[in-house]
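Subject: Structure for your review

Hello,

Here is the structure we spoke about handing over. My notes on its cavities and helix contacts come after it.

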Amino acid sequence: MKNEVKIHEVDPSLNNRRSFLKLSGLTLVSAGLVLAGCSDNNDDNDMQDNTLPGIKNGVFDLGSGDFGVLTYAYALEQLEADFYTKVVNASSFNATFNPIERQVLTDLYHHEVIHRDFFKAALTGALPDPSTQLLPSLAFNYGSLNFNSRTEVLATAKALEDTGVAAYNGAGKLIKSPDYLLLAGKIVSVEARHASAIRSLINPNSKDFAGDDIVSVSTGLDVAKDPSKILPIAGGFITTKFTAKYLP
């Protein structure tokens with residue numbers, strides 16, 4: 001299934017940025033991931049920390065360690081890219097949203113497609129055997145969601161963006177490579193901007209862009225959730241079966 005749909009002629013500068021992200025990210029991620037996947041240490045705990053993604057008992061598992069975290073992120077980015085692809089291609093997109101909203105949603109569409117393609121390219125170049133260890137393209141079902149409804153689309157976008165930020169925040173502690181942690185920090189900062197933008201579209205000129213439900217009043221920190229808390233939420237939209245037995 002092809003998730004990306006060209007909605008119009010893409011700005012050449014966007015294609016340049018996309019190519020740069022793929023190539024620079026592939027170079028950055030490859031070196032560390034190969035090392036993570038080829039450890040000679042036979043300690044059981046170390047092996048548990050470096051379980052490769054792939055088929056386990058007939059079902060794809062995300063694995064653990066840096067491979068597992070990046071594959072987990074790839075799954076979430078597939079979901080967000082697919083959602084915004086459907087949003088911008090809905091039959092009444094132009095009629096449902098005003099010009100500012102259309103620009104925001106189209107920008108988010110481009111960002112998420114870049115994120116998805118980045119993780120796919122990076123993991124393809126880094127996994128020892130991507131033919132069996134790369135998470136396949138996932139299938140999605142949004143139930144009764146009406147993509148021609150402004151209220152429903154923005155509410156779902158809010159849920160996905162808030163969940164995405166919490167997912168990256170929660171996965172940070174699982175990342176061992178400083179390079180990957182830096183990469184995750186850059187991406188989560190973009191996802192947080194997405195969440196803020198959607199919240200501002202829903203409730204303009206309010207403090208909701210950094211509401212108390214996502215930023216703790218006492219610590220000033222955003223919400224962080226482990227994969228075990230995130231995947232049941234994302235799984236409500238993902239129909240492709242996979243497991244995450246080695247992620248907390």
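The notes below take the cavities, then two helix pairs. Please bear in mind that this is a predicted model.

Cavities

Two cavities of 30 Å³ or more were counted. The largest cavity has a volume of about 110 Å³, and the second largest holds about 60 Å³ of space.

Fourteen residues line the largest cavity; Val-69, Ala-73, Tyr-168, Ile-175 and Ala-184 are those nearest its centre. Helix H3 (65-88), helix H7 (150-171) and helix H8 (178-202) are the elements that give two or more residues to this lining. Of the elements, H3 gives the most, with five residues. By class, the lining of the largest cavity has 13 nonpolar residues, one polar and no charged.

The second largest cavity is lined by Leu-76, Leu-79, Glu-80, Leu-160, Thr-163, Gly-164 and Ala-234. H3 and H7 each supply at least two residues here. This lining divides into four nonpolar, two polar and one charged residue.

H3 and H7

How do the two helices lie relative to each other, given that their axes cross at roughly 165°? An angle over 145 degrees counts as roughly antiparallel, so H3 and H7 are roughly antiparallel to each other. Their axes come within 11 Å, and the crossing is left-handed.

On the H3 side, the contact is made by Val-69, Tyr-72, Ala-73, Leu-76, Glu-77, Leu-79, Glu-80, Phe-83, Tyr-84 and Val-87. On the H7 side, the residues are Val-153, Thr-156, Ala-157, Leu-160, Glu-161, Gly-164, Ala-167, Tyr-168 and Ala-171. The residues of this contact divide into 14 nonpolar, two polar and three charged.

Some residues of this contact also appear in the cavity lists. Val-69, Ala-73 and Tyr-168 are among those nearest the centre of the largest cavity, while Leu-76, Leu-79, Glu-80, Leu-160 and Gly-164 are among the residues lining the second largest cavity.

H5 and H7

Helix H5 (residues 99-126) packs against H7 at an angle of about 40°, and the axes are 13 Å apart. That angle makes H5 oblique to H7. The crossing of H5 and H7 is left-handed.

Glu-101, Leu-105, Leu-108, Glu-112 and Phe-119 of H5 meet Arg-150, Leu-154, Glu-161 and Tyr-168 of H7. The contact of H5 with H7 has five nonpolar, no polar and four charged residues. Glu-161 and Tyr-168 of H7 are listed in the contact with H3 and in the contact with H5.

Regards

Technical notes. Residues numbered from 1 in each chain as written. Predicted model: local features only at pLDDT ≥ 70, side-chain atom pairs only at ≥ 80, totals over all residues. Heavy atoms only, no water. 1 Å grid on protein atoms, 1.4 Å probe; cavity = no way out; pocket = protein on both sides within 12 Å on 5 of 7 lines; lining within 4 Å. Points joined across faces, edges and corners; volume = space filled by probe spheres on them. Helix = DSSP H or I, 4+ residues; strand = E, 2+ residues; numbered from the N terminus. Nonpolar A, V, L, I, M, F, W, Y, C, P; charged D, E, K, R; others polar. Axes fitted to C-alpha atoms, helices over the stretch in contact; angles between N-to-C directions. Parallel < 35°, antiparallel > 145°, perpendicular 65-115°, else oblique. Left-handed = near helix turned anticlockwise from the far one by under 90°. Contact = heavy atoms within 4.5 Å.
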